[in-house]
Amino acid sequence: MNVRNIRGTSNSNRGIAWLRLWKEANGITPSKSIHCSVSGCTAIAEVGAHVIKDYTGMRQFIVPMCREHNLAYGVDLRINSGITPMPVNP
Ligand SMILES: [Zn+2]
């Protein structure tokens, strides 16, 4: 699955809160460190990034990312197959 970051969601405190929500939704203890969802990235996920999937409209999802990938705009990011994007309810 490929995703793209959505601009304007890089505020650190909110990103940390979104990561906590993603972990809760996936049954992962909030204090447990996980890796960035981007394929091949070995950095620790520090935020829950807002993304859209495969150009399928404007529906937003959260996936865990390192800070560097959270700021990667305008590029396709391949997400590891074991990651479940969490829908963001408007
Ligand atoms: Zn990364």
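This passage describes the sheet, the helix packed on it, the nonpolar core and two exposed loop positions in a predicted model.

The sheet is open and consists of 5 strands, arranged in the order β4-β1-β2-β3-β5 with antiparallel pairing. The edges are occupied by β4 and by β5 (86–87), each of which has a single partner strand, so that one side of each is left without a neighbour in the sheet. Strands of a sheet pair through backbone hydrogen bonds, in either a parallel or an antiparallel manner. Here β1 (residues 2–5) is joined to β2 by 3 bridges, the two strands running antiparallel, and within this pairing Asn 5 stands opposite Val 51 of β2. Between β2 and β3, which also run antiparallel, there are 5 bridges; across this pair, Val 51 stands opposite Phe 61, and Val 47 stands opposite Met 65. Val 51 of β2 is thus placed opposite Asn 5 and opposite Phe 61 in β3. The pairing of β3 with β5 is antiparallel and comprises 2 bridges, with Phe 61 standing opposite Pro 87 of β5.

Burial was then examined strand by strand. In β2, 5 of the 7 residues are buried, and the strand is accordingly described as mostly covered. For β3, 5 of the 5 residues are buried, so this strand is largely enclosed by the rest of the structure. In a regular strand the side chains alternate between the two faces of the sheet. Both faces of β3 are covered, since burial applies to Phe 61, Val 63 and Met 65 on one side and to Ile 62 and Pro 64 on the other.

Helix α1 packs on the sheet, where it touches β2, β3 and β5, and its direction makes about 75 degrees with that of β2. The length of the helix is consistent with its residue count: at 1.5 Å a residue, the 14 residues of α1 should span 20 Å, and the end C-alpha atoms are 20 Å apart, which agrees. The buried residues of α1 are Gly 15, Trp 18, Leu 19 and Trp 22; they cover an arc of only 105 degrees around the axis, which puts them on the same side of α1. An α-helix has 3.6 residues a turn, so residues three or four places apart point the same way. On the other side of α1, Asn 13 and Glu 24 are exposed. The cover over the buried residues of α1 includes β2, β3, α2 and β5. After α1 comes Gly 27, for which phi is positive, near 70 degrees.

In soluble globular proteins, nonpolar side chains tend to be buried together. The largest nonpolar core of the model contains 18 residues, and the members with the most contacts inside it are Ala 49, Ile 62, Val 63, Met 65 and Ile 79. At least two residues of this core are supplied by each of α1 (12–25), β2 (47–53) and β3 (61–65), and β3 provides the largest share, 4 residues. When residues up to four places away in sequence are not counted, Ala 49 touches Asn 5, Ile 62, Val 63, Met 65 and Asn 70.

Two loop positions were considered alongside these buried elements. Arg 59 is placed in the loop between β2 and β3, and Arg 59 is exposed, with 11 other C-beta atoms within 10 Å. Apart from residues up to four places away in sequence, Arg 59 touches Ile 52 and Pro 87. The C-alpha atoms of Arg 59 and Val 88 are 7.6 Å apart in space, although the two residues are 29 residues apart in sequence.

Asp 76 lies in the loop between α2 (67–70) and β4 (77–78). With 10 C-beta neighbours inside 10 Å, Asp 76 counts as exposed, because the cut-off for an exposed residue is 12 or fewer. Again leaving aside residues up to four places away in sequence, Asp 76 touches Asn 2 and Arg 4. The C-alpha atoms of Asp 76 and Ser 12 are separated by 22 Å, the two residues being 64 residues apart along the chain.

Note on methods: Residues are numbered from 1 along each chain as its sequence is written. This is a predicted model: local features need pLDDT of at least 70, side-chain atom pairs count only at pLDDT 80 or more; totals for chains, interfaces and linings use all residues. A residue is buried if 20 or more other C-beta atoms lie within 10 Å of its own, exposed if 12 or fewer, and partly exposed in between; C-beta atoms are placed from the backbone. Two residues are in contact if their C-beta atoms, placed from the backbone, lie within 7 Å. A nonpolar core is a set of buried Ala, Val, Leu, Ile, Met, Phe, Trp, Tyr and Cys residues joined through C-beta atoms within 7 Å. Two strands pair if DSSP finds at least two bridges between them. Axes are lines fitted to C-alpha atoms, for helices over the stretch in contact, and angles run from 0 to 180 degrees between N-to-C directions. The expected span of a helix is 1.5 Å times one less than its number of residues. The arc is that of the directions from the helix axis to the C-beta atoms.
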